[in-house]
Amino acid sequence: MLLLGSERSVTQNYNIHKDAEDYSGEHLSIIRINGRAKVTKVVNKYINHEDTINYNDYLNNHSLWRDETYYNCISITGKVVRYHQSELGGNHVELECYEGDLKIHIRLYHMAEVLVNVGDIVDSNTIIGKQGNTGLVLSKKRSSDISYGSHVHMEVLDDNYKSINPRDYATFDRAVTYREQTNIIDNSKKQIKIIVDKINIRSNPDVLSYDIGDVYNGEIYDVLGVSEDEKYTWYNIKTSLGLVGYVANEKNKIWLIVTNEEEKIEGDIKEVDDVKELKLIFTCEKDGTYAIKLKYGERLYIE
Ligand SMILES: [Zn+2]
């Protein structure tokens with residue numbers, strides 16, 4: 001059976017596993033999905049085999065290993081590996097995509113290595129990662145075997161994070177699509193560009209209001225209005241899918257940049273000399289955002 005882009009078979013079905021399904025397959029085989037999706041989360045810091053935790057050892061010792069929201073686990077090779085409680089699935093990705101109008105999330109756990117980054121749009125040709133054994137796994141193999149417990153754990157969730165049987169997605173019988181919500185760059189409009197991995201979209205300019213979506217690194221949004229409170233500057237945005245909400249930038253941090261905001265540009269715009277060799281044309285008097293307007297063919301030298 002071809003599952004997730006490689007030869008795999010079901011080792012723990014959805015009825016038994018409940019929120020997920022497990023698939024065996026060749027250790028380090030490549031993992032793909034059918035269709036397009038956006039990468040919304042990546043954990044890629046655990047070492048294959050060396051950081052593998054036997055699931056029974058975890059069950060027997062987790063209260064001993066627990067350190068607030070972390071576990072100081074002993075791996076199958078005897079190494080102490082610190083796992084956050086949300087990362088016991090080892091190296092993993094979370095993808096966001098659509099099936100018709102239904103927004104869904106796909107989680108793939110235990111990878112040896114993740115090969116994508118947050119914000120990437122992946123498709124059927126993208127190698128998302130390699131099958132591995134990071135995190136909690138169970139195996140009858142000897143602990144010296146580098147493919148001990150190697151498998152793919154897959155979860156599919158709806159937008160309320162309620163689980164869906166992942167089988168049809170794993171077998172490629174169902175294809176997913178991604179709907180781009182970013183606006184296109186338009187220099188005549190005030191827009192923001194997101195420069196951190198992810199910021200929530202809130203229903204109101206208030207961190208306690210509903211989380212109605214997320215914006216991701218590199219995306220551009222039209223700004224309908226701006227407001228401030230003590231801690232945040234709030235940008236009222238409208239996505240290309242018609243969602244209207246608020247994106248925050250914490251003051252004194254740079255989570256996004258405002259494009260086309262000429263009033264905040266420091267200093268004078270200088271004419272660029274037609275230089276034949278390196279020549280100082282401008283000295284920054286203080287830290288800030290500076291703009292230099294160049295004409296076609298002009299060159300800029302930065303010290
Ligand atoms: Zn599983």
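## Close-up views of a predicted model

**View 1. Two residue pairs are in polar contact across the interface of domain 1 and domain 2, both at pLDDT 80 or more.** On the side of domain 1 that touches domain 2, the elements giving two or more residues are strand 6 (37-43) and strand 11 (91-99). Sorted by character, the residues on this side of domain 1 are two nonpolar, one polar and two charged. Please keep in mind that this is a predicted model.

**View 2. Domain 1 meets domain 2 through a contact with five residues from domain 1 and four residues from domain 2.** To find your way around, start with the domain assignment, which gives domain 1 (2-170), domain 2 (191-262) and domain 3 (265-303). The C-alpha centres of domain 1 and domain 2 are 31 Å apart. Together these two domains bury about 470 Å² between them, and 53% of that area is on carbon and sulfur atoms. Which three residues supply 65% of the area that domain 1 buries against domain 2? Look for Lys 38, Thr 40 and Val 118, which give more than any other three residues.

**View 3. One salt bridge is found across the interface of domain 1 and domain 2.** Zoom in on Glu 219 and Lys 38: these residues form a salt bridge, and their closest N and O atoms are 2.0 Å apart. Lys 38 may look familiar, as this residue is also one of the three that supply 65% of the area domain 1 buries against domain 2.

**View 4. Thr 171 sits in the loop between helix 3 (167-170) and strand 19 (191-194).** Is Thr 171 buried or exposed? With a relative accessible area of 16%, Thr 171 is buried, because buried means under 20%. A polar atom of the Thr 171 side chain lies 3.2 Å from the backbone oxygen of Asp 168.

**View 5. Glu 87 and Lys 45 join their side chains in a salt bridge, at 3.0 Å from N to O.** This pair links distant parts of the chain, 42 residues apart. Glu 87 belongs to the loop between strand 10 (80-84) and strand 11, while Lys 45 belongs to the loop between strand 6 and strand 7 (52-54). The two partners make a nice contrast: Glu 87 is buried, with a relative accessible area of 12%, whereas Lys 45 is exposed, with a relative accessible area of 52%.

**View 6. The side chains of Lys 79 and Asp 51 meet in a salt bridge, at 2.7 Å from N to O.** Lys 79 is in the loop between strand 9 (70-74) and strand 10, and Asp 51 is in the loop between strand 6 and strand 7, so the pair ties together parts that are 28 residues apart in sequence. Lys 79 is partly exposed, with a relative accessible area of 27%. Asp 51, by contrast, is buried, with a relative accessible area of 3%.

**View 7. Lys 253 and Glu 250 are partners in a salt bridge, at 3.6 Å from N to O.** Lys 253 is partly exposed, with a relative accessible area of 43%, and Glu 250 is buried, with a relative accessible area of 15%.

**View 8. Lys 38, Glu 180 and Glu 219 are joined into one network by salt bridges that share partners.** How many salt bridges does a search of the whole structure find? There are 17, and the bridge between Glu 219 and Lys 38 is a good one to revisit here.

Terms used: Residues are numbered from 1 along each chain as its sequence is written. This is a predicted model: local features need pLDDT of at least 70, side-chain atom pairs count only at pLDDT 80 or more; totals for chains, interfaces and linings use all residues. Side-chain values use heavy atoms; hydrogens and water are left out. Domain bounds come from an automatic or database domain assignment. Contact means heavy atoms within 4.5 Å. Buried area is the accessible area (1.4 Å probe) that two parts lose on being put together, summed over both. A salt bridge is a side-chain nitrogen of Lys or Arg within 4 Å of a carboxyl oxygen of Asp or Glu. A polar contact is a pair of N or O atoms within 3.5 Å; within protein, one must be able to donate a hydrogen and the other to accept it, and residues adjacent in sequence count only if both atoms are side-chain atoms. Helices (H or I, at least four residues) and strands (E, at least two) are DSSP runs, numbered from the N terminus. Ala, Val, Leu, Ile, Met, Phe, Trp, Tyr, Cys and Pro count as nonpolar, Asp, Glu, Lys and Arg as charged, and the others, Gly among them, as polar. Buried means under 20% relative accessible area, exposed over 50%, partly exposed in between (1.4 Å probe, protein chains only).
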